[in-house]
Amino acid sequence: TIDPEMINYRHCRVYQNKNRGGSGGFARGMLEVLQNGGFTHVILMDDDISLDYIAIKKTVSFLKYMKPELDTAGIAGGMLERNKPCFQYEASAKLEKGKLVHLKNGLNFVNVDSLVINELEEGGNYGAWWYLCMPVSVIKKHGLPFPFFIKTDDIEYGLRTLDRVIVMNGIGVWHDSFEGKFSYYLEYYIKRNELVCNAIHEKHTLFLAVKKLFFGLGKCLASYNYGSVKYITRAFDDYLRGTDF
């Protein structure tokens, strides 16, 4: 919906794209970077964040002095909550036995202790795409994200491509809390794509799948959220249709 002719900035270009979802948008951006050449890194960002340009400035400064052994590492920006701007929701994360673990969750940056804790490394294995800086060499080696449309593409791609995820104070964004973002169709994408991601990167996938199915349905029934049941069962049905689907 943005007219490219309206953008006259020297370092800003608009690439029109069909609605391929978040996955298709990020993949299109990666393709443009690869085709234009001359770039060492790309920053992937959501379109509904609030960003202080200092985060980009600090990212670039860090890249200039980064040691060669970190050439395949990603730099993950922390997510702070827009309605509680000093509180952090996550600074990198990891997938463990089919469960997402949000690292550095709940830190209040009004407190100096929280700033110190935030600098400790916890070994996240992916960074969410509200803000992730990654090397172009990694994209060339591993290819593009899965065409998931929305949800879980950043998890799968991080697990597949990044040797290390770096976080640091001063690199992050503000984003709306996820608590008020529930919808039936989102449950479909989340459940379906989690199954695919677990099948690729986790062991004991049958047990995880059954566990997720019963837990997801049980949660819906216990909260009288009957509308979600058909979307969750549809997610499992479509997953079981296999890779051709």
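Reader: In this predicted model, does E96 count as buried, exposed or partly exposed?
Author: The relative accessibility of E96 is 42%. Buried means under 20% and exposed means over 50%, with partly exposed in between. The value for E96 therefore makes the residue partly exposed.

Reader: Which residue forms a salt bridge with E96?
Author: The closest N and O atoms of this salt bridge are 3.5 Å apart. The partner of E96 has 18% relative accessibility and so counts as buried. That partner is K94.

Reader: How many salt bridges does a search of the whole structure find?
Author: Side chains of opposite charge can pair when their charged atoms come close. The pair of K94 and E96 is one case. Over the whole structure, the number of salt bridges found is eleven.

Reader: R164 and E121 meet in a salt bridge; how many residues apart are they?
Author: The side chains of R164 and E121 meet at 2.9 Å, N to O. The pair links distant parts of the chain, with R164 in strand β8 and E121 in the loop between α3 (112-118) and β7. Along the chain, the two stand apart by 43 residues.

Reader: Is E121 buried or exposed?
Author: Its partner R164 has a relative accessible area of 34%, which means that R164 is partly exposed. For E121 the relative accessible area is 63%. Because the cut-off is over 50%, E121 is exposed.

Reader: By about how much of a helix are R160 and E156 separated?
Author: The side chains of R160 and E156 meet in a salt bridge of 2.8 Å, N to O. Both residues are in helix α5, four residues apart. Their separation is therefore about one helical turn.

Reader: Of that pair, is E156 buried or exposed?
Author: R160 has 23% relative accessibility, so R160 counts as partly exposed. The relative accessible area of E156 is 1%. As buried means under 20%, E156 is buried.

Reader: Which residues are joined into one network by salt bridges that share partners?
Author: A network of this kind arises where salt bridges have partners in common. Here the residues joined are R234, D238 and R241.

Reader: Why do the buried residues of α8 line one face of the helix, and within what arc do they fall?
Author: Helix α8 covers residues 227-240, and its buried residues are S228, I232, A235, F236 and D238. Seen down the axis of α8, these residues fall within a limited arc, so they line one face. K230 and L240, on the other side of α8, are exposed. The arc of the buried residues is 165°.

Reader: Against which helices do the buried residues of α8 pack?
Author: The residues in question include I232 and F236. The helices they pack against are α6 (184-201) and α7 (205-222).

Reader: How far apart are the end C-alpha atoms of helix α1?
Author: Helix α1 has 16 residues (21-36), and at 1.5 Å a residue they should span 22 Å. The distance in the model agrees with that expected span. The end C-alpha atoms are apart by 23 Å.

Reader: Which elements do the buried residues of α1 pack against?
Author: Among the buried residues of α1 are F26, A27, M30 and V33. The buried residues pack against two strands and two helices: β1 (41-44), β7 (132-135), α4 (136-142) and α5 (153-161).

Reader: Which strands stand at the edges of the sheet of four strands?
Author: The order in this open sheet is β1-β7-β2-β8, and the pairing is mixed. An edge strand has a single partner strand, so one of its sides is left without a neighbour in the sheet. The strands placed this way are β1 and β8.

Reader: Which residue in β8 does I75 stand opposite?
Author: Strand β2 (residues 73-76) pairs with β8 in the parallel sense over three bridges. Opposite I75 stands I166.

Reader: In the sheet of three strands, what is the order?
Author: Strands β3 (residues 78-81) and β4 (residues 84-90) pair in the antiparallel sense, and a hairpin of two residues joins them. β3 also pairs with β9, in the parallel sense over four bridges. β4 and β9 stand at the edges, each with a single partner strand. The order is β4-β3-β9.

Key. Residues numbered from 1 in each chain as written. Predicted model: local features only at pLDDT ≥ 70, side-chain atom pairs only at ≥ 80, totals over all residues. Heavy atoms only, no water. Pairing = 2+ DSSP bridges. Expected span 1.5 Å × (residues − 1). Buried < 20%, exposed > 50% of the residue type's maximum accessible area, 1.4 Å probe, protein only. Contact = heavy atoms within 4.5 Å. Salt bridge = Lys/Arg side-chain N within 4 Å of Asp/Glu carboxyl O. Arc of directions from axis to C-beta.
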